[in-house]
Every structure is written in structure tokens, then in C-alpha cells.
Amino acid sequence: MATSPYISQKVRSEQNLYEDIVIESLKFYGQDVYYIPREIVNKDKIFLDDVPSRFTDAYKIEMYIENTEGFEGEGDLFTKFGIELRDQATFVVARRRWKSLVGNFLDTNNFRPREGDVIYLPLSESIFQVLKVETETPFYQLSQLPTFRLQCELFEYSDEDFDTGIDTIDGVEYEGAFQYKLTMRDRLGLGSTSSLPAATTTINLTGEVQSITSTIAGRGYTTAPTLTFDLPAADSDNAKFGRNSLNLTRVQGVEGKYLFPADRGVVDLFVNLTDYPAAGEFASLFLTGGDSSGDQYMWGVNENGGLVYQRGSGMASPVGVGSQVISRGAYQHIAVGVDSSELYVWINGTRVLDSDAGVATKLAGTNEFSFGGTSTRAFGGTDWITARGRMDEIRVRSGDPDSTTLTGDSASGTGFIVPTSASDSDSITTFLDHVDGKRATATATIDSTTGSITGYTITDAGFQYATAPSPTFSAPDSGGDFVIGEIVSQVNTNYTIKGEVTDWSDSDRVLQIAHAGSTDGQYREFSLNRKVQGANASWVPSLVEELQNIQETAQNKIFDDFEGDFLDFSEGNPFGDMV
Amino acid sequence: MFGTHFYHKRVRTAVSVFGSLFNNLHVLRTNSAGEVISQVKVPLSYAPKRNFIERINAMSRGEDAERRVAIKLPRMSFEITNMSYDPARQLPKINRFGLVNDDETKKNKFYTSVPYDVNFQLSVYAKSQDDALQVVEQILPYFAPQYTVSVKPFSDFQEVKEDVPIVLDGINFEDTYEGALEQRRTIIYNLDFTMKIAFYGPDVEQGIIREVNNNLYIMGDSDEFYQRIQVTPTPVGVSPDSDYGFQTVYLDSAYD
């Protein structure tokens, strides 16, 4: 016989009222607990175990503890493995509350509490694992199931990772996880900036770094630090273009070889003379290349500011170029061209020389060129002195010297278009120097024991430093503070070992790391003399020890210490020796 | 009846030797990428102990931590389960061996030891099968079925060494996976070993004969004294464990 159609146990309003009363009762008589869902990191598909588990979320919710006289279970047992607490407890939680506070935030299996999840009871500061969830107790009163009944026992800790952000819960791993204790190498006060390495330099007249002297050797480096020099300071006011120019008065010059030799081409540059040489003297500006010293040309100015030149052989003295002078106090443009034996000269864009040199000649060749102060020398029987002033924007290009490609002058065919901005290098440019200064570079060597700098090697002296530059140094490997909970790593040759910081003491430089493991899947230990890197800290361990927090009464170390007294492992302990 | 106190700590040493074999085993856990995310040294302890000492040790982390978890795993313990006389290894009881004493005029003497088999049981308690099997597999290959260690049986005589075989007799395990859902699952592997040790009695300190005199007489009615042969080590006062020779002196007097 069917049930009476006039009587219903499923009146929604009554069900809601009943559920509300249950919830209210649980709020009155329950306890605030944290429901912590289990995250299975890697499931063992053979044994169907959760080999490592992680707990990263904690949801606060009220639950009623059914046990009124104390926890159930077998209580405290003394077993062959030590003290074992077999407390059990039964928690009751309202379905609606659990779903709204916990279930809605879970990705899978979120319709009820799950066996294997964990409950933290602040009352006793204990962690319980859910063993069984009863979903039908009490049994369908008013045709509904308002509560879950969670049968739990104290959690067996096996190096699980607790990162809920609640200290009292996460404390279980700090207390119980197997940890490494790393004592870091003493930095001898490297905490302050002034303890970083420092060095001074000396420069020569041309602004090249000549030597580096350590004033503070620093400490804590495992690899040599990187030295960085600033670019020479800009001196734009004295430059034609860009940041800087050759200071002829300070004998600054540029020397070298052209990238490729050519028997036809043009050299052009800007000079700003402050003085002309004394009467009877000749001041050098630049020396062009050539296949031999005999076909090199020295170019300069005479006592009147006239442009002069002298060939390495066959000319007894410098020869003047036209009547146009190189004015002082402002940049003047000089261009010199060669086409086999034909010489061309333009001053400020006006051709002042178009002459047969009488001999085959070249601007470029195997012999080196020299621009500026470094061109000062005895040449062709003349004692050329140093010009005073500035030189900038030096350019050498190959090709027909009176072609429009080089002169830029298509109108008259005799002029030279003076650059109005810094030039770019192109396919016919064999040399281009904006003379904007050059950064020095150097390397350091360190003492592997102390991590202090022992010496320097200048790899590039730089150029045009007006004052001796001081290098800056990369920070030493040691320093900074580790943060509890952060992941630190140590990179070794074939593997990287990582772990979670559980404690850090900067006063005695002791770092504790739990959940350590290597990326190559093998058992590895932290190495000495390799830095352990955190987000904002890096230190080098000098001592690695093991903290056996898993069992307070572990005797591993005791047996290990005892081993030497009564065991004769002349071939080594086959089971290995402790760290 | 026996009277003389002696204590060579042979069983105590056996426990320590056994413990030192298994004090450096690790368990590794990996993630799905094969990277180790946790490596744990398995704690080892001798099982029988004072329960209050264990309790006090458990309190060392303070009130908050005392009842936080039920137990921390994995862990190992071992204990002696039996001791029995092994007649097969018994040597003649009048055999003895001597040892050098610090006093060069004396030596120490031990009589033949009495062989005993000491049975140990090593238990491995883990939360997962894989953890337990990692531990077991790090042990088994070394025992075929025995592994022999060289033990110094006397703390006072470090030069004495004896080979002590440790035999793996068998393995059994319990895995209480069946039953009610609310029942705890425990995974314990028990490995039974036999350590073949020897017990020694007290050492006896004995003087060393450092001079031998032999008086020779002419056989006959008069038994007239003929010569005395005196043998001593050279150099005089040398230690028995040093290189030395003998000096033989022929004397005319029987009393020199």
C-alpha cells in the first residue's frame, strides 16, 4: 500500500527549519576547526598510495565533537616504535555549512568531506585525519540528511608538506619533517654596503685605465665578481657631435689599421684648434696609412694655421695646401682624398687642392694610421709637435675621392658636403670613430677559501676617462635573509637540489631546510662551497648536518658515533656513513 | 663461585653493531616529473627502553606539539628476541690466546670464548608500501643470506678483531588494510637476523718469563756442576710485541 498522499515528511519549510536548528546548535556547541583538504602530489599507481601529499588550504568551520568524556581510541601506547597516540574523535558538521564554506572551493569530489582529508582542532592543537565519513547519520529525519559525521584519528605524519599559512598547522612540518641544517660560511661583516669590494684605478693622459688597486677585498664570493666601469663622463660642450672628442692637448689619439686597404679614398674629420704652433714649428693632426712608411702622409698645421702635409719620403719639408687657414676656436672640417697619385684637399667643404702628387700614393695600406695627439712624432725629417685643441668625427672611406658618393657634392663637383650630424658607417666606410669615449673592462680573481678578491686583470683599458674611474662590483654570493616557507635551491654540476626553508637565523647563519630533494630523482646531499639561493638571499654552506625531527629518540647518530669504537670497516661501511 | 667481576659488553656491542648497519637508510618521494620532493633519513632506535624516557623525549617540543600527531613515520626499531648457545662453533675449551699488556713484564690471557647466537628483529614501520619497500630493498642485497662485520670485542684491546656473521633468517610483514574504514592501517616489515657472537670470560694477567736458566751437571756419582746456560731477550726490557732476539750466556757458576 502506498503511503498516504495527505501526509508528507518532505515539507521543504520544515526541512529548512530543522536544518537551521541543527546549524544553530552546532554553532552553539561546536568548536571552530580547520578543514584541510589533501592534495595528492603523485599517486602510486601500483600500490595505490598517495606517496607524497600536500596540504595548502585550510577552511575554518564549526564542528561538534561527539566525544564528551575525552577522545576515543586506544589512547597513548608504548610500542616498539615509541609512543604512539591513538586518539580518535568524531566530528559532526552541517552539510549546508560544509558545502558553502569548504565544498564550493574544492575542485573535485566536493559534495561531501573526503576520507584522507585533515582536520585541525585548535582546542587540543591536534591534527586528525578523516577515516570515515558517515553521510546517513542521523538517518533521513524529515527525509533529509542535515549533517556529516566524520570519524577521525590522530594524523600519522610522514613528511607531508603543510603550507596552509596558519602557523600552528604548518608547525607540524617544522617540528616533524626531516630537515637539513646548513651552517653558512662566515661573511665577516658583509652585511653592510661598505664591506663590499672596492678598488681604485689610475689612468694615463689619454684616459686609459692603467692599473686597478684593491682597497677592500670583500668576502663571500664563490665565483669571481663582475666589475663594471661607467662610460667616461660626457663632454658634449667640447665635442662636435656626440658625447666626447679627442683632446689633442692631452695627446689623445686614435691609432690602428684600416679595416681594408685601398689606394683611393677620403679621410675627413673635424678639428677645433686652440692655438697654432710656434713659428717654424708644425703641429701634427693625423698620419695616413700606406703600404710603407715612405708613402704615408703626415697632415698638420703650421704657425699660421695653414694646412700642411709631408710624405714619408721624397719631401724635404711640409708643403702648404692653398691659402685657406684652419681657424681657431671652432670646429673646422678637413677632408683629404687620394686617387693614385692625385691629392685632393677640402677645408670646410671647399676644395683647396687638386694636385698631382707626382708619385703613386695611398691613404690606406698595411702601415698604421694615427689621428690626434698620438700622431706626434718625427716624420719625413720634420719634428712634428702635438697640436692643441680637439678632434672629432674621424672617418675614412674608400672610393673615387671626387665622386659624389664621397664628397656628396653633385652641384659643382668640386665641393665636399660637410656632415651636419654624426655619420653612420656604410659599405665604403673603412674606419669611423665618433670619439665618444670607451668603457673599460676588467676581471677579478678570488681566493676560493675566503671568497676575497686577490687580483685584477684589465681586459680593455677604455678611453677618454677624464678622471680615474672606480669599478662597481656584483654582490657576493653570500648575503640576504631567507624567508620561512620559501623554496631554496643549490645548483650543482649535474643536478639541482631544492628544499623548503623551515628556519633561518642570520645571527649564527643557520638555515634549516625540509622536503629536500634533487631534480634528477636521485638521493643527493647539499654540497659545501656552492651557494644556496633563495629569493633574496644567497649563502654558501660550510657545514651540512641532518636534523632528525621525525623521531625525537632516533639513535642513528648514536650508533654512528659508536661505530668507530667497535666496528672495523676498513673498507668502509657498505651501508654508508652519516653526514 | 666465579667471583671475578668482568664485563666485556658483548651484547651491548652487538646491539650497537647491529644498529650501525641500518642507521643510514633513506626514503625518497618523487613528484610526477620524477623530481625528488622529499628525502628522509629513516630514524632507528632500539625498541626496548624506559617508557618515561621516551615520554619525556616526546615532550621536548613543548606542550603544543606533544599531541599534535599520532606518530611520525617512517621509522625503524630493533630488539633482541632470543639468545641461544651455538655448539657448532665451540672450540676446545682449553685453548687460549694472549695479549700484550702495557706492562712489558706481563701479558693478558683469554680462554676460549663461548659461541652464542643472538637473534635480532628489525621492524620497519611506514605509512606507505613504497616507503617500506625502499627501506627493505636497501637492506636485502647485502645479506646472502649473511653479512660479516669485523668487530673489536674488547674496548681495552682494540687490536683484537673478530668476524661476526649476521644472517638474515627471514622476513614477514603485516599490512592491516582490511577491515572497517575507521580502522587504522599499519604497514610493518619484520626482518629476523641472527648475529653470531662469542662471549669471553675474564682476562687473566700473567707474568712473562724473561730469563731462562739451565744448570748442567755431570752425570755420575758426584753430580758435579758443569755449566749454567742463561737465555734472556735482547735488548733487555723489550716489549713482547717488538722485534727482539735472544742472548745466550754460558756461566761457570750456578748462582749468577
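This passage describes the interface between chain A and chain B and the salt bridges of a predicted model.

The contact between the two chains is a good place to begin. On one side, 80 residues of chain A take part, and they meet 81 residues of chain B. The size of an interface is often given as the accessible area lost when the parts come together. Here the area buried between chain A and chain B comes to about 7400 Å², with carbon and sulfur atoms giving 52% of it. Polar features accompany this burial: 34 residue pairs are in polar contact across the interface of chain A and chain B, both residues having pLDDT 80 or more. The elements of chain A that give two or more residues to the side touching chain B are strands S7 (72–79), S8 (82–94), S10 (126–134), S11 (147–154), S12 (156–157) and S39 (510–518), together with helices H3 (167–176) and H5 (556–566). Of these, H5(A) supplies the largest share, 8 residues. By residue class, the side of chain A that touches chain B divides into 31 nonpolar, 25 polar and 24 charged residues.

Backbone pairing also links the chains. Strand S12(A) is joined by 2 bridges to strand S4 of chain B (residues 71–72), and the two strands run parallel. Within this pairing, A:Tyr157 has B:Lys72 of S4(B) as its bridge partner.

Attention now turns to charged side chains. Side chains of opposite charge can pair when their charged atoms come close. Over all chains the structure holds 35 salt bridges, and 9 salt bridges are found across the interface of chain A and chain B. B:Arg68 offers a nice example, as it forms a salt bridge with A:Glu175, the closest N and O atoms being 2.8 Å apart. The pair joins two chains, because A:Glu175 lies in helix H3 of chain A while B:Arg68 sits in the loop between helix H3 (63–66) and S4 of chain B. A:Glu175 is buried at a relative accessible area of 16%, and B:Arg68 is buried at 3%. B:Arg68 also forms a salt bridge with A:Glu125, where the closest N and O atoms are 3.7 Å apart.

The helix that carries A:Glu175 is itself mostly covered, with 7 of the 10 residues of H3(A) buried. Besides A:Glu175, the buried residues of H3(A) are A:Ile169, A:Asp170, A:Gly171, A:Val172, A:Glu173 and A:Gly176. Elsewhere, salt bridges link A:Glu74, A:Glu84, A:Arg86, A:Glu153, A:Glu156 and B:Arg184 in a network.

Two further salt bridges lie within chain A, and strand S32 (residues 388–398) contributes to both. In one of them, A:Asp235 pairs with A:Arg390, the closest N and O atoms being 3.2 Å apart. A:Asp235 belongs to the loop between strand S17 (227–228) and strand S18 (246–247), and A:Arg390 to strand S32, so this pair ties together parts that are 155 residues apart in sequence. A:Asp235 is partly exposed, with a relative accessible area of 22%, whereas A:Arg390 is buried, with a value of 15%. In the other, A:Asp268 forms a salt bridge with A:Arg395, the closest N and O atoms being 3.0 Å apart. This pair ties together parts that are 127 residues apart in sequence, because A:Asp268 lies in strand S20 (residues 264–275) and A:Arg395 in strand S32 of chain A. Both A:Asp268 and A:Arg395 are buried.

Note on methods: Residues numbered from 1 in each chain as written. Chains lettered and ligands numbered in written order. Predicted model: local features only at pLDDT ≥ 70, side-chain atom pairs only at ≥ 80, totals over all residues. Heavy atoms only, no water. Contact = heavy atoms within 4.5 Å. Buried area = accessible area lost by both parts, 1.4 Å probe. Salt bridge = Lys/Arg side-chain N within 4 Å of Asp/Glu carboxyl O. Polar contact = N/O pair within 3.5 Å; in protein donor to acceptor, adjacent residues only side chain to side chain. Helix = DSSP H or I, 4+ residues; strand = E, 2+ residues; numbered from the N terminus. Nonpolar A, V, L, I, M, F, W, Y, C, P; charged D, E, K, R; others polar. Pairing = 2+ DSSP bridges. Buried < 20%, exposed > 50% of the residue type's maximum accessible area, 1.4 Å probe, protein only.
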